[in-house]
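Please prepare a short briefing on this protein model for a first-year student. Keep the sentences brisk and group the points by topic.

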Amino acid sequence: MTALRKTPVAPLTGAAPCTIRAERASDVAEREALLDACFGEDRDARTCQRLRAGRAPAEGLAFSAVRQGLVIGTIRLWHVSAGGVAALVLGPLAVEAGCRDLGIGAALMNHALTTAKRRGHGAVILLGDAPYYARFGFSARKTGELSLPGPFGRDRLLGLELREGALDGAWGMIVPTATAARQSKPRLAARLRKLAPHAA
């Protein structure tokens, strides 16, 4: 087996004084707060979350955008079977509201896709707005026969081949294939607080 290389640090240039680096365990609390702010605390009910719940992201494919020591952006990719075809699901992609005009989302996308291709992955699938993701090469051209385990907009299920023909013949349900992950303490603590009865 070929040894996996460590993801290099990728400094952003121009108007975005931040760095994209591999996600660290110390990023978890800030990442979860960022995702809650961007998608709401009910984000765990979203269809794509069913592909991620209790799973670890693909090795070397979870990144944070950091500025002045704070996590201001996040992106992760996850192993799935797309109707029997090995692929990755991308998401969530999130950027702190005050930084969304700095190109950080695009930088995270490009960094994640470049790294996934370098690591030998063949295809990436996501659920999102076609006009935004088309700039990165995503389209619905080869996802028409795929389904998700929950409600979704057909025109929002998009795919990108990192290797030509990687999504040929993809048909059926997209299901997770990643290994189970240990739940992080900050996330677990938050869930336990929600389950605990309120004090009188």
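Ser81 stands opposite Ala86 in strand 5. Ser81 also stands opposite Val175 in strand 10. This is a predicted model: local features need pLDDT of at least 70, side-chain atom pairs count only at pLDDT 80 or more, and totals for chains, interfaces and linings use all residues. Residues are numbered from 1 along each chain as its sequence is written, and side-chain values use heavy atoms, with hydrogens and water left out.

**Strand 4 and its partners**

- Strands here are DSSP runs of E with at least two residues, helices are runs of H or I with at least four, and both are numbered from the N terminus.
- Two strands pair if DSSP finds at least two bridges between them.
- Strand 4 covers residues 70-82, and 11 of its 13 residues are buried, so the rest of the structure largely encloses it.
- Buried means under 20% relative accessible area, exposed means over 50%, and partly exposed lies in between (1.4 Å probe, protein chains only).
- Strand 3 (residues 62-67) runs antiparallel to strand 4, and 6 bridges join them.
- Within that pairing, Ser64 has Thr74 of strand 4 as its bridge partner.
- Thr74 also has a bridge partner in strand 6, namely Ala94.
- Strand 6 (residues 94-95) pairs with strand 4 in the antiparallel sense over 2 bridges.
- Strand 5 (residues 85-90) is antiparallel to strand 4 too, with 6 bridges.
- Strand 10 (residues 172-176) pairs with strand 4 over 3 bridges, again in the antiparallel sense.

**Turns and unusual backbone**

- Which residue in the turn between strand 3 and strand 4 has a positive phi? Gln68 does, at about 50 degrees, in a hairpin with 2 residues between the strands.
- Gln68 is a residue other than glycine with a positive phi.
- Most residues other than glycine have a negative phi, and most peptide bonds are trans.
- Gln68 is exposed, with a relative accessible area of 78%.
- Strand 4 and strand 5 form a hairpin as well, with 2 residues between them.
- In the turn of that hairpin, Gly83 has a positive phi of about 60 degrees.
- Gly91 and Pro92 are joined by a cis peptide bond, with omega about -10 degrees.
- Pro92 sits in the loop between strand 5 and strand 6.

**Arg24 and its loop**

- Arg24 is found in the loop between strand 2 (19-22) and helix 1 (28-39).
- Is Arg24 buried or partly exposed? Arg24 counts as partly exposed, at 48% relative accessibility.
- Arg24 and Ala62 are 38 residues apart along the chain, and their C-alpha atoms are separated by 8.8 Å.

**Cysteines**

- The structure holds 0 disulfides (pairs of cysteine sulfur atoms within 2.5 Å).
- A disulfide is a covalent bond between the sulfur atoms of two cysteines.
- Cys38 is partly exposed, with a relative accessible area of 24%.
- Cys48 is buried, at 12%.

**Confidence**

- The average pLDDT (the predictor's confidence in each residue, from 0 to 100) is 84 for the chain.
- A score of at least 70 is reached by 80% of the residues.
- Residues 1-16 stay under 50 in pLDDT, and the model has 28 contacts (heavy atoms within 4.5 Å) for them beyond four places in sequence.
- Residues 188-200 also stay under 50, with 4 contacts beyond four places in sequence.
- Where pLDDT is low, the predicted coordinates should not be read in detail.
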